[in-house]
Amino acid sequence: MFGAMRQSWYDANQVSTSYSASYLVVAGGGGGGGGGGGGGGAGGLLSGTATLNVGTTYTATVGGGGNQHSNGSDSTFAGTGFTTLDSVGGGGGGNNTGNPGQPSDQGIAGGSGGGGGASGGGANSGGAGTAGQGNNGGANGSFIYGFPTGGGGGAGAVGQDGVAAGNSGNGGVGVQSSITGTATYYAGGGGGQSYYFTPGSGGSGGGGTGASGGSANGGVGTANTGGGGGGGGSGGGTGGSGVVIISVPTANYSGTTTGSPSITTSGSNTIITFNASGTYTA
């Protein structure tokens, strides 16, 4: 009987050395192309669960959005003894140089790929997305009149192709997450610019809208969603910054952070939202 009591006391006084947490890591979106540009690709998106070790400090790095025809920056969540979560920055949208098939006319590969830019009759492809994080950008419409462009890829779908002698491609839709307790879309692609027809709309999840006409700038991606920037008739829209969100059981939440993350609760969990880089000690 004494042995059973001792074992019961021992079990009741064990201190947990680890606990499970949910995560959402979204990279910065790519910038839209300019001068008749394709939409920027959304930042790469990773979500799932991981084990955090008590006393270990984990660093969240939040990637910024890319400028015109430039990729966004990676977002990461890392710590000692932990496999780093690395979401790849979104690909920049292709420009329009007037010389079909030039590298700068193509969408750039990234978390999701940027859309192909306009050109004088040649085909410009969209950039490739990263497997498990995003999708490819759309191609341009390959037709001199109208100069339709491709939409940037989103975490949930590819960017649409521009329609020959018609409308430009919409950005790919993002992915909906309820990690904060509210269903929200993240990582939508930017829409392609159009000179004469309908520009592409941004994908749900912060994608910027493509510009209409030859002098307007593309719409910017929404901050802290990883949305791609819209293609511009003049300048391409800047991609939206990324975000790192960690959800832990409130019973395990340590309260030790740096970088001023937003702290909220949902049910029995505490939500740590890093809109800028910081740390959490489990």
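**View 1. Ser262 and its partner across strands E10 and E11.** In this predicted model, Ser262 stands opposite Thr273, a residue that belongs to strand E11. The two strands involved, E10 with residues 262-266 and E11, pair in the antiparallel sense, and five bridges link them.

**View 2. The turn that joins E10 to E11.** Strands E10 and E11 form a hairpin, in which two residues lie between the one strand and the other. Within this turn, Gly267 has a positive phi of about 60°.

**View 3. Strand E11 beside strand E8.** Strand E11 also pairs with strand E8 (residues 243-249), in the antiparallel sense and over six bridges. One position to look for here is Val248, which stands opposite Thr270 in E11. Strand E11 itself, made up of residues 269-274, is mostly covered, since five of its six residues are buried.

**View 4. Gly116 and its surroundings.** Gly116 is found in a loop, namely the one that runs between strand E5 (85-87) and strand E6 (175-177). Although Gly116 lies in this loop, it is counted as buried because its relative accessible area is 0%, and the cut-off for a buried residue is under 20%. Leaving aside residues up to four places away in sequence, Gly116 touches Gly38, Asp105, Gly107, Asn124, Ser125, Gly126, Gly138, Ala139, Asn140, Thr149 and Gly150.

**View 5. Gly116 and Asn95.** Along the sequence, Gly116 and Asn95 are 21 residues apart, while in space the distance from C-alpha to C-alpha is 7.6 Å.

Methods
Residues are numbered from 1 along each chain as its sequence is written. This is a predicted model: local features need pLDDT of at least 70, side-chain atom pairs count only at pLDDT 80 or more; totals for chains, interfaces and linings use all residues. Side-chain values use heavy atoms; hydrogens and water are left out. Helices (H or I, at least four residues) and strands (E, at least two) are DSSP runs, numbered from the N terminus. Buried means under 20% relative accessible area, exposed over 50%, partly exposed in between (1.4 Å probe, protein chains only). Contact means heavy atoms within 4.5 Å. Two strands pair if DSSP finds at least two bridges between them.
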